[in-house]
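Please open the model in a viewer and set it to a cartoon representation with side chains available on demand. The tour below proceeds by selection.

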Amino acid sequence: MEKGKGVMGAGRRWAVDFTDNSTSPASRDVPDPLGFSRASLDQDDSAVSRQKKDAEANWKSQKAWEVAQAPFKNLMMMGFMMWMSGSTVHLFSIGITFSALWQPLSALQGVGKVFEPYKDNKVELLVPKLLYIALNLGGLALGVWKLNTLGLLPTHASDWVSSLPPAQEVEYSGGGIPLH
């Protein structure tokens with residue numbers, strides 16, 4: 001027996017052709033099952049693609065909210081680090097304080113880039129962006145508060161004494177109330 005030849009001989013006696021060359025259901029031998037139509041397949045494909053787009057938009061919205069809430073974790077961590085650094089002026093407390101000021105400023109500059117991957121016509125990004133901005137402004141306020149507790153902000157009149165002009169001398173003309 002030659003290699004590649006079957007027991008039956010040269011050709012196949014039993015073969016089934018599964019190709020459907022007909023375009024209308026009436027010309028086929030087997031009718032469609034009850035409740036089935038060829039048009040429903042096309043509608044199902046569009047419904048599936050619509051569901052995929054909705055799921056993707058939902059995912060983007062969820063991820064945008066996660067990004068918007070991320071500065072809260074940073075805010076808590078930075079607050080704890082500033083509390084641990086104490087209220088005395090030394091290298092570590094100044095470094096932590098300026099880090100607390102720098103991180104929110106750089107985050108506020110890059111708000112558009114942070115939310116760029118989540119842009120979509122179906123995803124509303126205004127509220128997550130506002131939350132992101134508000135939390136970063138809270139971090140900035142925390143840094144300014146720490147500067148104040150370290151005494152590095154000029155908040156009292158005595159902090160500005162060096163910039164005041166020298167006091168003028170007043171002449172005293174004898175008995176009475178001195179003139180100022």
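The stops that follow move from the whole chain to individual helices, residues and ring pairs.

**The whole chain**

Begin with the complete protein chain, bearing in mind that this is a predicted model. Coloured by secondary structure, the chain displays four helices and zero strands. Read from the N terminus, the order of elements is α-α-α-α. Colouring by accessibility comes next: of the 180 residues in the chain, 19% are buried. Among contacts with a separation of 6 or more, 70% join residues that stand 24 or more positions apart.

**The annotated spans**

Select residues 80–105 and then 125–145. UniProt, in an unreviewed entry, assigns the feature "transmembrane region" to both spans. In residues 80–105, helix accounts for 81% of the span and strand for 0%, and the C-alpha atoms at the two ends are 19 Å apart. Residues 125–145 are 95% helix and 0% strand, with 30 Å between the end C-alpha atoms.

**Helices H2 and H4**

Now display H2 (residues 91–109) together with H4 (126–149). How do their axes cross? The two axes come within 8 Å and cross at roughly 155°. Angles over 145 degrees count as roughly antiparallel, so H2 is roughly antiparallel to H4. The crossing has a left-handed sense.

Show the side chains at this contact. From H2, the participants are Thr97, Phe98, Ala100, Leu101, Pro104, Leu105, Ala107 and Leu108. H4 contributes Tyr132, Ile133, Asn136, Leu137, Gly139, Leu140, Gly143, Val144, Lys146 and Leu147.

**Thr97 and Lys146**

Two members of that contact merit a separate selection. Start with Thr97, in helix H2. Is this residue buried or exposed? Its relative accessible area is 1%, and because buried means under 20%, Thr97 is buried. Apart from neighbours within four places in sequence, Thr97 is in contact with Gly143, Lys146, Leu147 and Leu150.

Move across to Lys146, which belongs to helix H4. Lys146 also counts as buried, since its relative accessibility is 4%. Which residues does Lys146 touch, once those up to four places away in sequence are set aside? They are Met82, Ser85, Gly86, Ser87 and Thr97.

**Ile96 and the methionines**

Step back along H2 to Ile96, which has its place in that helix. With a relative accessible area of 8%, Ile96 is buried. Leaving out neighbours within four places in sequence, its contacts are Met78, Met81 and Met82. A distance label between the C-alpha atoms of Ile96 and Met82 should read 6.5 Å, for a sequence separation of 14 residues.

**Two further distances to H4 residues**

Select Trp102, also found in helix H2. Trp102 has a relative accessible area of 59% and is therefore exposed, the cut-off being over 50%. From Trp102 to Leu140, the C-alpha separation is 8.1 Å, while the sequence separation is 38 residues.

Then go to Asn74 in helix H1. Asn74 counts as partly exposed, with a relative accessibility of 27%. Its C-alpha atom lies 8.2 Å from that of Gly139, a residue 65 positions away in sequence.

**The aromatic pairs**

Finish with the rings of the aromatic residues. How many aromatic pairs does the structure hold? There are two.

One of them joins Phe80 and Trp83: the ring centres are 5.9 Å apart and the planes form an angle of 40°, giving a tilted pair. Both residues lie in helix H1 (residues 38–85), three residues apart, about one turn of the helix. Trp83 is exposed, its relative accessible area being 61%.

For the other pair, select Phe115 and Tyr132. Here the arrangement is edge-to-face, with 5.5 Å between centres and 90° between planes. This pair links distant parts of the chain, its members being 17 residues apart. Phe115 sits in the loop between helix H3 (111–114) and helix H4, whereas Tyr132 is in helix H4. Both Phe115 and Tyr132 are buried. With H4 still displayed, note that Tyr132 is also among the H4 residues that make the contact with H2.

Conventions: Residues are numbered from 1 along each chain as its sequence is written. This is a predicted model: local features need pLDDT of at least 70, side-chain atom pairs count only at pLDDT 80 or more; totals for chains, interfaces and linings use all residues. Side-chain values use heavy atoms; hydrogens and water are left out. Rings of Phe, Tyr and Trp (its six-membered ring) pair if their centres lie within 6.5 Å; planes under 30 degrees apart count as stacked, over 60 as edge-to-face and the rest as tilted. Buried means under 20% relative accessible area, exposed over 50%, partly exposed in between (1.4 Å probe, protein chains only). UniProt positions are given in the numbering used here, feature names are shortened, and annotations may be inferred rather than shown by experiment. Contact means heavy atoms within 4.5 Å. Axes are lines fitted to C-alpha atoms, for helices over the stretch in contact, and angles run from 0 to 180 degrees between N-to-C directions. Angles under 35 degrees count as roughly parallel, over 145 as roughly antiparallel, 65 to 115 as roughly perpendicular and the rest as oblique. A crossing is left-handed if the near helix is turned anticlockwise from the far one by less than a right angle, and right-handed if clockwise.
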